[in-house]
Amino acid sequence: MKKNKLALILSSILIIYSILGFVAVPKIVKPIILDNINANITQKASLGKVSFNPFLLTVTLEKLKIQDKEDTTFSIDSLIVDFNLFRTISEKHLAFQDLQLINPYVHIIENEDNSFNLEKLIKPSEKTASKEETKTDKKSEPIKFQIYKTAIQKAKIKFTKLQKDKKPFEANINEFNYIFYDMGTFRNILASHSLNILLNKHTRLDINGGLRIYPFHMYGNVKLSNLRPSELLPYKEELFNFKLTDETNIDLDFGYNVDTKKELDIKVNNLNFALSNLNIMQNKHSTVYLKSLKIDDLNLSYPENNLNIQAFTLDQLNTKIIKDEKEVINLTKLVNLDEEKVVEKEEKTKAEEKASKPWKVNLNKIYVDNTKVSFDDKKALFSTILKDINLQGKSLKVKNKDITLKEFSLKNSLDFKDSKNNLEITTLNNSFLAKNISSDTINNQVNYLDLKSQEIKVSDKKSKTDITANNINLNVNELKNENEDLDVTKISLNRPTIFINDKKTNREISINEILIDINNIKKVASKITVDNVKVNEPDFSFKDNKEKTNIKAKDIDILVNKVTYNNNELEIISSSINKPFVAVTLEKQAKKKEDEKKVVAKKKNTKKEESDFSFNIGPVKIKNAQMAFQDKNLPIPFKANISKLNGDFSRLNSSSSKPTKLQLEGKVNKYGYTKITGTVDITDIKLLTDTTILFKNIAIKDFSPYSGKFLGREIDSGKLNLDLKYNIRKSDLKAKNSIIISDIRLGEKVQSEEAANLPLDLAIALLENSDGVIELEIPISGNVDDPQFAIAPIVWKVFRNIIAKAISSPFTLLASVLGIEADKIKSIDFKYGDTAIIESEKEALDNIAKILQKKRRLAINVTPSYHQIYDTSAIQDKKFEAFLEKRMKKIVKGDEYKKALEELFEETFKDKDLDAIEKSFEKTDKEGKKYFDDKGYVQNLRKTLASLQEVSTEELENLAKERTQNILDYLIKEKKIDKNAVVIDEKIKVQTDKKDKWAKSKLNVSVKR
């Protein structure tokens, strides 16, 4: 019985416990829960059902919802809490078997004042507001608890930002699943967790790993895929002044480990980041476009401060940078930043940098492909475009201020335009390669540098200069820089082509295939030393299109040994120039205007500025040089060659009073010889120069081009010896020139505008001795500082000056024979429209006849001429007068002259009213009486009708020819002059000057045939 009673009691207790647990507790707890929730929130909460399992100690809340009017702020389908009592008692910690949130929903709203709805959800508590936390230095232990499984399943989070006068911004986490195992502080075990989020429609975030709350430790893997930044930018629309296209996408995948057991320890493992199709739009234009940016295998450790990246790749970046008139760059305005906060942040960052441990960065590979960057400065009016940029780097390592880079290469093309200065620069296919680069605070080192460019063009329209360089290749080997000291093993420039066109001076310079090697350059403090400089086989060309001068040089081998520069002093041990070939060509020049004004330069007394620069240059040897000279500006092209030219300059020392000696000798043309010796004060050749130039056994026939130019005759034969001595002291020149010309024989005439029309045969006969030798001693003196002082080509200038002293200009000479003025015999005047010789001109012809009788080898040239305007008018008058006479005979009564003109006018001009013309000649005299200007009226009709008469060019030319024929007949028939002494030019001159008073037939002098 007792056992039955006990069983009954226990059964009753169990039933009562079950009824209380399953039935009473939910009914009691539900209103308590609701009352407590509603008492502490500003919105209204509702609860569908509360379940309690008294045996499993499991509590379930279903359909919990918090609403603000009709909008749901928070809801959950079910909340399950499974409390593990036995473990709690036995292991003395709060133990939960299960904690689940199924289908929770949260709506987060950011109001226009930047406040959030969740901030206002909890009612403020006075006790809470006034209570202050007690600060203690003691380290408190956290409450021990353990939850075997925590799960948030299919959660949804909606975020809404309200914006004034704008559509609200919305973002949705459509799937939020988070599962923890063994989360808690008991035993300090790591809880595994898994998070899976779907943001909007595309973005997925997966996080898997472990978590320990105290001390905090978290590790795992993060994978973010298909993030669309364009969906998130509108959240801070006021911060961004740009838009992103929907194609912009971000993918991220990495492992992590965060531990706070001793100190903050952060590890990021195998991070891979990809940004693709970035397109930043500003004002409906693409400002920045990037096809892809990738970071492969990034590993980071803190506090060790190690950062290792396997590869960084940038592909097809295209950006347009614009600096406006206010000097604001468009990229700086993409984001609206608070300047004060930015400054504060920069100062804080600098302070943190000083205190933080230096980072070690290792970037294994860098790639920048197919990139284009443009910059446009609207204020300075210049723009730059860098295109086809391809950059590669290997093994970049940074440790504090120490930087090393195994290899760096860059390829690009450049377009630069400066509209303000009219300057344009373009480069094509540039490449830069550097190997083994290292740099620290005081040391810099590069093992190898290579700079190449297929083409560089510079167009300076302001100075009218164009520069083009092709195939640039510059190499630098082993460059070291330590404490501003420099050491370079070798610098080479490998055979570029350079062309310079100076349109202002009309000069062109081209350099082809030049090879320059500079070896062992060292800079220590202010001292610079170079072992040697080699210049090999350049092809140099200089062309002066204005002066028609060409200079070419090739096959030059220059060696400069031991160069030192220190304290403004240059020292070179020795130099040599081997096998140089220089060719000078004077091209044919255009005719110069006779009336071109010669500008006489005024001598300025300028004080020579003293320079601190000094030099000590060792001997310069010239070996096997060759020079060619060609003058195409002469009627007969002239060529001269100096070959086998050898010699040297002695030491050139600006600090020594010892003059520099020079000695050169070589071969001139086939059998000639030249030798140049002397001394020169190298600091100022005007101070001291003593030079002897010897030319021996020169075939004077080679100088026919110059005799043809200056004297108008070729030279058939003869020899020339020159002994020229020049002595300059303090700018005063004294020269003794001994010239010996033997057996000179003149040949045919040469047409040359510069040649004097002189009796050369007679002049030579006067100068030659009985042996056929002309000896001339020509002293020259003057001051070389005088800008008008120059030494002209000696031989031909002497000839011309001697003859010029004997003979003046032709007409002056001829007029002096008769004692008359030269102007009176230079032309014969005729009346317009007439060919008869007027009496005043017969005097001039009579004087010309007397001259021709005395100068029997002379002839007078007569140029036919007519006046285009006045001769034409005179012929028209004669033609119309004859026509009018015939017409007047047909008129019987009245003023036949006037009537004939009126009839002709009406017949000719049918569309003109003669009465209107008559009215235009109605005048008023001084007394106010009206009268008709009959004379003016008749003259107007006659002039108008006469101007219609046709006069052909043939008639005018016949008029000119008849005038010259009358001159010819007068001289030959009346004055009995030899018919060969009067020559009529074939060309007819046409006068057009309205100021002319007469038709003039000009006269010239020639040699009788």
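This report describes the nonpolar cores, one helix, a surface patch and the salt bridges of the structure above, which is a predicted model.

The largest nonpolar core has 44 residues, and those that touch the most other members are Phe176, Phe254, Tyr256, Leu271, Ile280, Leu290 and Leu298. Leaving aside residues up to four places away in sequence, Leu271 is in contact with Leu252, Asp253, Phe254, Ile295, Asp296, Asp297 and Leu298. Separate from this is a second core of 21 residues, among them Ile848, Ala849, Leu968 and Tyr970. In soluble globular proteins, nonpolar side chains tend to be buried together.

Helix H12 runs over residues 896–908, and its 13 residues reach 18 Å from the first C-alpha to the last, close to the 18 Å expected at 1.5 Å a residue. Its buried residues are Lys898, Ala900, Leu901, Glu902, Leu904 and Phe905, and their cover includes helix H11 (870–888), helix H13 (914–919), strand S46 (930–932) and helix H14 (934–946). An α-helix has 3.6 residues a turn, so residues three or four places apart point the same way.

On the surface, Leu264, Tyr302 and Trp359 form a nonpolar patch with about 270 Å² of accessible area together. Leu264 sits in the loop between strand S12 (249–259) and strand S13 (265–282), and it counts as partly exposed because its relative accessibility is 41%.

Side chains of opposite charge can pair when their charged atoms come close. The model has 19 salt bridges, including the three listed here.

| Salt bridge | Closest N and O atoms |
|---|---|
| Asp415 with Lys387 | 3.0 Å |
| Lys461 with Glu424 | 3.8 Å |
| Lys879 with Glu955 | 2.9 Å |

In the salt bridge between Asp415 and Lys387, Asp415 belongs to strand S18 (residues 402–418) and Lys387 to strand S17 (residues 382–399), so the pair ties together parts that are 28 residues apart in sequence. Asp415 is partly exposed at a relative accessible area of 23%, and Lys387 is partly exposed at 29% relative accessibility.

For the salt bridge between Lys461 and Glu424, Lys461 lies in the loop between strand S20 (443–460) and strand S21 (465–482) while Glu424 lies in strand S19 (residues 423–439), so parts 37 residues apart in sequence are tied together. Glu424 is partly exposed, with 28% relative accessibility.

The salt bridge between Lys879 and Glu955 links distant parts of the chain, with Lys879 in helix H11 and Glu955 in helix H15 (residues 953–974), 76 residues apart. Lys879 is partly exposed at 29% relative accessibility, and Glu955 is partly exposed at 29%. Elsewhere, Asp265, Lys267 and Glu304 are joined into one network by salt bridges that share partners.

Key
Residues are numbered from 1 along each chain as its sequence is written. This is a predicted model: local features need pLDDT of at least 70, side-chain atom pairs count only at pLDDT 80 or more; totals for chains, interfaces and linings use all residues. Side-chain values use heavy atoms; hydrogens and water are left out. Helices (H or I, at least four residues) and strands (E, at least two) are DSSP runs, numbered from the N terminus. The expected span of a helix is 1.5 Å times one less than its number of residues. Buried means under 20% relative accessible area, exposed over 50%, partly exposed in between (1.4 Å probe, protein chains only). Contact means heavy atoms within 4.5 Å. Patches are made of residues with over 30% relative accessible area and no salt bridge: like charges are joined within 9 Å, nonpolar side chains (Val, Leu, Ile, Met, Phe, Trp, Tyr) within 5 Å. Accessible areas come from the Shrake-Rupley method with a 1.4 Å probe; for residues, only the protein chains shown count as cover. A salt bridge is a side-chain nitrogen of Lys or Arg within 4 Å of a carboxyl oxygen of Asp or Glu. A nonpolar core is a set of buried Ala, Val, Leu, Ile, Met, Phe, Trp, Tyr and Cys residues joined through side-chain atoms within 4.5 Å.
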